[in-house]
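Visitor: Could you take me on a close look at the empty space in this model, and then at one helix pair? I work with grids and cut-offs, so please spell them out.

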Amino acid sequence: MPDLTMRGVYPILSTPFDQNGNIVFDDLENQVDWIVDQGVDGVGIAMASEVFKFTEQERDAVLRSVVDTASGRVKVVMNTGAEGTDATIYYSKRAEELGADALMIRPTSYIPTTAAEHIEFFVRIADSVEIPIFLQDQSTAQVPPAMAAACARRHENLCYIKVETPPTIPRMAEAQSLTSDGTDLVLFGGMGGAFFLEELRRGSVGTMPGSTLPDKFVQILELWESGDQAGAHDAFDRYASIIRTLAQGQGLANWIYKHIMWRRGVFSRGGIYARGPSLRPDAAHLREVDDLLDRVGLLEVTG
């Protein structure tokens with residue numbers, strides 16, 4: 001039976017690159033240790049990690065580093081999606097061999113295909129591994145709730161969904177309604193945790209935000225689970241402006257995540273670059289980010 005116990009906060013790691021595009025493994029390992037120390041339940045290597053910009057050798061090296069550094073303290077989820085079934089099976093089996101506890105896979109999107117074909121895509125991948133799979137529902141590669149439930153009924157490994165297609169609130173509610181018949185489909189939120197509390201009300205058991213605020217998401221969840229919903233809302237509202245600024249597209253978020261990780265003392269100054277293509281924030285934009293961090297007491301590294 002697959003592991004159906006995963007719950008809580010699973011930040012998606014940022015990959016530290018130097019200005020030449022090389023992975024800074026010291027910063028990566030420091031990030032894993034820091035995030036684990038904040039009380040999270042797992043970590044992920046996925047789209048926000050720029051996994052789609054890795055070579056095959058880098059995929060192995062990053063996953064191996066994260067698994068070794070985590071050392072069983074938290075679960076490790078690896079995104080193994082590709083634009084073909086065979087390639088995805090290859091990446092998935094390799095991730096399992098290297099110690100991933102779960103996989104995360106979104107549907108193919110380069111060539112549109114039918115829901116039935118995508119269900120077969122997921123089932124074939126699930127047949128190839130012994131670990132659970134998060135179906136990743138994104139606006140550019142959607143897993144509608146009905147498709148997710150159909151996948152869960154077809155294969156026991158297809159037992160998690162990360163809901164990210166906006167608006168996530170009705171989507172989460174629909175997914176919850178489809179589990180009322182006993183279908184094993186565990187719900188997680190995404191989108192940087194922007195609708196974390198609303199999703200918890202609709203059956204979500206966890207969130208996969210970015211790397212920068214693991215301590216705050218853990219605090220919010222602890223308040224919620226203790227019954228202090230007002231306190232959870234107050235804590236969330238305190239950091240809402242940072243969560244909002246991290247939702248920027250066209251590659252900006254990759255730079256901003258790493259800038260914050262440097263300002264919080266996790267990354268070195270040399271590990272704050274993103275790989276192209278990626279729109280880079282200008283100095284004024286980063287000063288605005290620093291002002292936000294300073295306002296909530298998170299600006300630890302200055303100058």
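Guide: Happy to; here are the pocket, the cavity and then the helix pair. The model is predicted, so local features need pLDDT of at least 70 and side-chain atom pairs count only at pLDDT 80 or more, while totals for chains, interfaces and linings use all residues. Residues are numbered from 1 along each chain as its sequence is written, and side-chain values use heavy atoms, with hydrogens and water left out.

Let us begin with the open space. A pocket is an open set of points on a 1 Å grid over the protein atoms alone, with protein on both sides within 12 Å along at least five of seven lines; a cavity is a set where a 1.4 Å probe fits but cannot get out, and lining residues have an atom within 4 Å of a point. Points are joined across faces, edges and corners, and a volume is the space filled by probe spheres set on them. The largest pocket has a volume of about 1100 Å³. Its lining counts 40 residues, and Met-47, Ala-48, Phe-52, Gln-138 and Glu-164 lie nearest the centre. Helix α11 (residues 252-263) gives the largest share of that lining, four residues; helices are DSSP runs (H or I, at least four residues), numbered from the N terminus. By class, the pocket lining has 20 nonpolar, 14 polar and six charged residues. Here Ala, Val, Leu, Ile, Met, Phe, Trp, Tyr, Cys and Pro count as nonpolar, Asp, Glu, Lys and Arg as charged, and the others, Gly among them, as polar.

Now for the enclosed space. The structure holds one cavity of 30 Å³ or more, and the largest cavity has a volume of about 50 Å³. Among the residues lining this cavity are Gly-192, Pro-209, Phe-217 and Tyr-257. The cavity lining divides into six nonpolar, three polar and no charged residues.

Last comes the helix pair. The axes of α2 (residues 56-70) and α3 (residues 85-97) come within 10 Å and cross at roughly 30 degrees. That makes α2 roughly parallel to α3 (angles under 35 degrees count as such). The contact (heavy atoms within 4.5 Å) involves Glu-56, Arg-59, Asp-60, Leu-63 and Arg-64 of α2, with Tyr-90, Tyr-91, Arg-94 and Ala-95 of α3. By class, this contact has four nonpolar, no polar and five charged residues. Tyr-91, found in α3, touches Glu-56, Arg-59, Thr-80, Gly-81 and Ala-82, not counting residues up to four places away in sequence.

Technical notes
Helix = DSSP H or I, 4+ residues; strand = E, 2+ residues; numbered from the N terminus. Axes fitted to C-alpha atoms, helices over the stretch in contact; angles between N-to-C directions. Parallel < 35°, antiparallel > 145°, perpendicular 65-115°, else oblique.
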